[in-house]
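This report describes the fold, the packing and a few selected side chains of one protein chain. The text begins with a single helix and moves from there to the chain as a whole, its cores and its aromatic rings.

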Amino acid sequence: KMSGDAVEKAAALKRAKADIEKNGLKSNAVQHVIQDRKGEEQTLSDLPDLAAVHFKNCKNCTFTFPADTKVVKVLVEGCTGCCVRLERCLVLTATLEVWRCEDCEVVVDCELGTVQVDLCSVLRLTFAKRENMGSVVQAGVHKMTLSFLDGAHPPVETGLEELRAAHPDDTINEGSDQYISRFIAGALLTERIVRLTNDYPTTLREKQVFDSDAAKKAEAVEKLAREMLGSNLTEGKDAVLGALAAAAPAQGVDDISDEARANFKKAAGTVAFKAGDFQQAAVHYTEAILLVDKDHTVFSNRAACFLKLGQADKALKDCDACLALSPKFVKAVFRRGVALLGLERFEEAAKAFAATLDLDPKNAEAKASMQMAAQKAAKARQQS
């Protein structure tokens with residue numbers, strides 16, 4: 001879990017990315033290359049629509065994007081002694097990349113989500129306002145200065161030498177290890193980026209916060225699941241967790257999404273069910289439902305647990321919930337019949353088994369159950 005500022009910026013970037021993909025900006029971008037210029041001063045006031053501007057191998061030049069200019073992204077590559085000025089323009093992807101440059105400056109007076117700096121030497125990033133800076137990601141950079149014209153924060157010197165001094169225990173690979181600088185709770189922090197097993201980029205601080213919050217949430221969810229089921233767990237929990245721990249690396253349990261955690265709980269339920277621990281399986285399926293309630297198979301699986309536990313009323317409710325999501329899911333149709341049979345609603349049970357046969361004509365168990373339910377229904381009518 002990320003803290004306030006990071007969450008807000010990540011959400012904003014996600015929305016921006018969705019808008020870009022929706023409007024086809026990436027695929028429609030026009031590559032506009034400015035290459036091999038020397039000693040020029042140029043105001044870029046006549047760019048094509050949806051331009052992705054690429055400065056390449058320029059020397060001692062100043063390039064200015066005037067106010068209200070719209071570009072898709074800006075890339076500065078292989079330049080020396082150049083200054084790029086973004087003056088209240090709009091960068092649609094909120095992305096600036098600076099690569100293999102030397103003794104350059106970028107002055108930013110617009111909103112940027114990410115500045116990616118790779119393999120540069122002596123780079124000055126000057127932001128008109130603190131709010132203009134989202135995050136600065138660097139790899140293999142020697143001497144970078146972050147400064148703010150509004151005086152909101154004193155200049156910060158960063159780069160490989162500073163990072164190695166600040167993180168003496170880190171072995172920093174100049175070509176691949178990345179560090180991210182951004183404001184967190186009012187402080188400008190520079191942290192190493194680590195990647196989880198699912199390649200999700202984060203920092204050690206964020207991972208520790210997430211792990212702590214996830215543990216608290218898991219405990220609260222399990223407590224709620226127990227309360228919803230109204231009885232204690234059986235003794236098979238340790239065996240279930242042991243089996244899951246062995247499988248965890250393949251399942252990518254570092255994924256932070258509710259969907260991933262729900263799938264993990266669903267897998268735990270399956271392990272417990274196969275071990276004959278139907279109460280514990282029901283708990284895990286309940287936890288999965290509390291995280292994501294759109295997977296019809298989990299409702300059907302929990303219904304199977306309730307049938308094993310002799311709780312036909314709860315099984316019926318889960319079958320109905322499953323069929324509301326997937327009306328032709330044959331296992332739930334059959335289990336609904338079993339639940340109705342357990343509730344002595346024989347005529348409804350016979351109809352459920354008939355519906356099962358409509359979906360699966362070769363289902364011998366459904367055929368036998370339908371015949372039995374029909375006989376019981378006939379007997380009940382005679383006795384009434």
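Helix 8 is mostly covered, ten of its 13 residues being buried in what is a predicted model. The buried residues in question are T297, V298, F299, S300, N301, R302, A303, A304, C305 and F306. The length of helix 8 agrees with expectation, because 13 residues at 1.5 Å a residue should span 18 Å and the end C-alpha atoms are 19 Å apart. After helix 8 comes G310, which has a positive phi near 75 degrees.

Helix 10, made up of residues 330–342, can be described in a similar way. Its 13 residues reach 19 Å from the first C-alpha to the last, which is close to the 18 Å expected at 1.5 Å a residue. Buried in helix 10 are A332, V333, F334, R335, G337, A339, L340 and L341, and the elements that cover the buried residues of helix 10 include helix 8 (296–308), helix 9 (312–325), helix 11 (346–359) and helix 12 (364–383). Just after helix 10, a positive phi of about 60 degrees is found at E344.

The two helices are set side by side below.

| Helix | Residues in helix | End-to-end C-alpha span | Expected span | Residue after the helix with positive phi |
|---|---|---|---|---|
| Helix 8 | 13 residues | 19 Å | 18 Å | G310, near 75 degrees |
| Helix 10 | 13 residues | 19 Å | 18 Å | E344, about 60 degrees |

For the chain as a whole, the secondary structure consists of twelve helices and 17 strands. The protein has 384 residues, of which 41% count as buried, and its accessible surface comes to about 20,100 Å², with 51% of that area belonging to carbon and sulfur atoms. Among the contacts with a separation of 6 or more, those between residues 24 or more positions apart account for 32%.

Which residues touch the most other members of the largest nonpolar core? In this core of 42 residues they are F55, F65, V117 and L125. Apart from it lies another core, of 34 residues, which includes A262, V298, A339 and A373. Of these, V298 is one of the buried residues of helix 8, and A339 is one of those in helix 10.

V117 has contacts with V98, L123, L125, V136, V137, Q138, A139, V141 and M144, when residues up to four places away in sequence are not counted. One of these partners, Q138, lies in strand 12, residues 135–139, and counts as buried because its relative accessibility is 2%, under the 20% cut-off. The side chain of Q138 makes a polar contact of 2.9 Å with the side chain of T158. Leaving out residues up to four places away in sequence, Q138 touches V117, M144, T158, G159, L163, D177, Q178, Y179, S181 and T190.

Turning to the aromatic rings, the count comes to six aromatic pairs. F55 and F65 form one that is edge-to-face, with 5.9 Å centre to centre and 80 degrees between the planes. This pair links distant parts of the chain, since F55 belongs to strand 3 (residues 51–56) and F65 to strand 4 (residues 62–65), ten residues apart. Both partners are covered: F55 counts as buried because its relative accessibility is 0%, and F65 is likewise buried, with a relative accessible area of 0%. The rings of F127 and F148 have planes at 20 degrees and centres 5.8 Å apart, so this pair is stacked. It too links distant parts of the chain, with F127 in strand 11 (residues 121–127) and F148 in strand 13 (residues 142–148), 21 residues apart. F127 and F148 are both buried. Ring pairs also link F55, F63 and F65 into a cluster.

F65 leads on to a loop residue, C89, which is placed between strand 6 (83–87) and strand 7 (90–91). Is C89 buried or exposed? At 8% relative accessibility, C89 counts as buried. Not counting residues up to four places away in sequence, C89 touches F65, P66, A67, D68, T69, D109 and C110. The C-alpha atoms of C89 and P66 are separated by 6.3 Å, although these residues are 23 residues apart along the chain.

Note on methods. Residues numbered from 1 in each chain as written. Predicted model: local features only at pLDDT ≥ 70, side-chain atom pairs only at ≥ 80, totals over all residues. Heavy atoms only, no water. Helix = DSSP H or I, 4+ residues; strand = E, 2+ residues; numbered from the N terminus. Expected span 1.5 Å × (residues − 1). Buried < 20%, exposed > 50% of the residue type's maximum accessible area, 1.4 Å probe, protein only. Contact = heavy atoms within 4.5 Å. Core = buried A, V, L, I, M, F, W, Y, C linked by side-chain atoms within 4.5 Å. Polar contact = N/O pair within 3.5 Å; in protein donor to acceptor, adjacent residues only side chain to side chain. Areas by Shrake-Rupley, 256 points an atom, 1.4 Å probe, with all protein chains shown as cover. Phe/Tyr/Trp six-rings, centres within 6.5 Å; stacked < 30°, edge-to-face > 60°.
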